[in-house]
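This report describes strand pairing, helix packing and charged contacts in the structure shown below.

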Amino acid sequence: MKQKSERITSILKRILTHNANVQPYEAVLIVTDQKKEGIARHFMVAATLLGVDPGILVINERKIHGEEPPTFAAEAFLQTDILLLVTSKSLTHTKATRDAVVKGVRVASMPLITEDIILRTLDTDYRKIAADSARLVKL
């Protein structure tokens, strides 16, 4: 179990570094619900290992995709540099998320993410893919 947890943290650390370009001086907010809190904690550990002091905000699971988060959460969205939405229902198409994006917040929305998804699909060498793609373009 510990080995699986360490592998997930390692993958998420790489995702935060290469995909989200997280910097130690940035404010990172992880928003989650009760069902996804365990995965959100993996993100928190990964961000901490990168020198970030992340915050985690647990809200009640939304009833449907696109339902607005509570007002206090929407206000917190605007106070961060990077917003990680690790929730059971998508918050992507909410006014709260749109307002954060307009303000310049970098957002990664991951509704329905599971440990299995992390292990099977996020454990990818994106630099190798980029190099392979550039090589193929030249053909």
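## Strand 1 and its neighbours

Which residue is the bridge partner of Thr 32 in strand 2? The partner is Val 58. The model is predicted, and the pairing described here is computed from its atoms. Strand 1 (residues 28-33) and strand 2 (residues 55-59) are parallel, with five bridges between them. Between these two strands the chain passes through helix 2, and the resulting β-α-β crossover is right-handed.

Strand 1 also pairs with strand 3 (residues 82-86), again in parallel and through five bridges. Here Val 28 has Ile 82 as its bridge partner in strand 3.

## Burial of strand 1

In a regular strand, side chains alternate between the two faces of the sheet. In strand 1, Val 28, Ile 30 and Thr 32 point one way, while Leu 29, Val 31 and Asp 33 point the other way. Both sets are buried, and strand 1 is accordingly described as mostly covered, with six of its six residues buried.

## The buried face of helix 5

Helix 5 (residues 115-122) has Ile 118, Leu 119 and Leu 122 as its buried residues. Viewed down the axis of helix 5, these residues fall within an arc of 120°, so they line one face of the helix. They pack against helix 1 (2-18), helix 2 (37-49) and helix 6 (126-137).

## Salt bridges

Side chains of opposite charge can pair when their charged atoms come close. The model contains twelve salt bridges. One of them joins Arg 106 to Glu 26, with the closest N and O atoms 2.9 Å apart. This pair connects distant parts of the chain: Arg 106 belongs to strand 4 (residues 106-109), Glu 26 lies in the loop between helix 1 and strand 1, and 80 residues separate them. Arg 106 counts as partly exposed because its relative accessibility is 33%, whereas Glu 26, at 10%, counts as buried.

Within helix 6, Lys 128 and Asp 132 form a salt bridge with an N to O distance of 2.8 Å. The two residues are four apart, about one turn of the helix. Lys 128 is partly exposed at 48% relative accessibility, and Asp 132 is partly exposed with a relative accessible area of 25%.

Asp 132 also forms a salt bridge with Arg 135, the closest N and O atoms being 3.9 Å apart. Arg 135 and Asp 132 are three residues apart in helix 6, so about one helical turn separates them. Arg 135 is partly exposed, at 48% relative accessibility. Elsewhere, Arg 7, Arg 14 and Asp 123 are joined into one network by salt bridges that share partners.

Notes: Residues are numbered from 1 along each chain as its sequence is written. This is a predicted model: local features need pLDDT of at least 70, side-chain atom pairs count only at pLDDT 80 or more; totals for chains, interfaces and linings use all residues. Side-chain values use heavy atoms; hydrogens and water are left out. Buried means under 20% relative accessible area, exposed over 50%, partly exposed in between (1.4 Å probe, protein chains only). The arc is that of the directions from the helix axis to the C-beta atoms. Contact means heavy atoms within 4.5 Å. Two strands pair if DSSP finds at least two bridges between them. A crossover is right-handed if, with the strands pointing away from the viewer, the path from the first strand over the helix to the second runs clockwise. A salt bridge is a side-chain nitrogen of Lys or Arg within 4 Å of a carboxyl oxygen of Asp or Glu.
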